[in-house]
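Please read the following report alongside the sequence and the coordinates. It moves from single residues to the chain as a whole.

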Amino acid sequence: MKVIFLPKVQDYLNSLVPILYENGYFGFVEGAINYVDDLIDDIETNLFVKQHKLAPQHFNQYGKDMLYASFKKNRQTTWYAFFTKYNENGEIVYLVRYIANNHTVAQYL
């Protein structure tokens, strides 16, 4: 099992650290870095065991026939990893095509 993030997703996750810090979600940059690192690790480690749901049609702009899984990080925030799953040389590959949280996409789920 392998998890791959599209470059756009990697760019988004990298830009998330300063956003979280500058908007006051974390008092120190290190806290924001740890939060994002934990999110990435959670996705890489647990995506294959999470319940997958078919992504609503709204998300077809990021890829057709995608699935998604949720990752609850605290009481207010759940992250959603939208992905396609395929087999490459006998190994299951999860290609994360989009990531968002309940504050931005809940109305579409």
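In this predicted model, Y68 is in contact with Q51, H52, K53, L54, A55, P56, Y80, A81, F82, F83 and L109, once its neighbours within four places in sequence are left aside. Y68 itself belongs to strand β3, which covers residues 67-72. With a relative accessible area of 10%, Y68 counts as buried, because that value falls under the 20% limit. One of its contact partners, P56, is separated from Y68 by 12 residues in sequence, while the C-alpha atoms of Y68 and P56 are 9.3 Å apart in space.

A second residue, H103, sits in helix α3, which runs over residues 102-105. Is H103 buried or exposed? Its relative accessibility is 52%, and H103 is therefore classed as exposed, the cut-off being over 50%. Apart from neighbours within four places in sequence, H103 is in contact with Q76 and T77. Both partners also appear when polar atoms are considered: the side chain of H103 reaches the backbone oxygen of Q76 at 3.2 Å, and a polar contact at 3.0 Å joins the side chain of H103 to the side chain of T77. As a further spatial reference, H103 and G24 lie 79 residues apart in sequence, with a C-alpha to C-alpha separation of 16 Å.

Two loop residues deserve attention for their backbone torsions. Most residues other than glycine have a negative phi. D65, although not a glycine, has a positive phi of about 55°, and N89, likewise a residue other than glycine, has a positive phi near 55°. The table sets out where each of the two is found and how accessible it is.

| Residue | Phi | Location | Relative accessible area |
|---|---|---|---|
| D65 | about 55° | loop between β2 (53-54) and β3 | 66%, exposed |
| N89 | near 55° | loop between β4 (78-88) and β5 (91-101) | 80%, exposed |

Turning to the protein chain as a whole, its secondary structure comes to 3 helices and 5 strands, and these elements follow the pattern β-α-α-β-β-β-β-α when read along the sequence. How do the overall dimensions of the chain compare with those of a compact globule? For 109 residues such a globule would have a radius of gyration near 13 Å, and the chain has 14 Å, which agrees with that expectation. Taken along the principal axes, the box filled by the C-alpha atoms is roughly 45 × 30 × 25 Å.

Buried residues account for 36% of the 109 residues in the chain, and Y68 is one of the residues classed as buried. Where contacts between residues at least 6 apart in sequence are considered, 47% of them join residues at least 24 apart. The accessible surface of the chain comes to about 6,700 Å², and carbon and sulfur atoms contribute 49% of this area. As for charge, the chain carries 10 positive and 11 negative side chains, with the centres of the two sets lying 11 Å apart.

Taken together, the residue-level descriptions cover the buried Y68 in strand β3, the exposed H103 in helix α3, and the exposed loop residues D65 and N89.

How values were computed
Residues numbered from 1 in each chain as written. Predicted model: local features only at pLDDT ≥ 70, side-chain atom pairs only at ≥ 80, totals over all residues. Heavy atoms only, no water. Helix = DSSP H or I, 4+ residues; strand = E, 2+ residues; numbered from the N terminus. Buried < 20%, exposed > 50% of the residue type's maximum accessible area, 1.4 Å probe, protein only. Contact = heavy atoms within 4.5 Å. Polar contact = N/O pair within 3.5 Å; in protein donor to acceptor, adjacent residues only side chain to side chain. Rg over C-alpha atoms; globule rule 2.2 N^0.38 Å. Areas by Shrake-Rupley, 256 points an atom, 1.4 Å probe, with all protein chains shown as cover. Lys, Arg positive; Asp, Glu negative; His and termini not counted. Charge placed at Lys NZ, Arg CZ, Asp CG, Glu CD.
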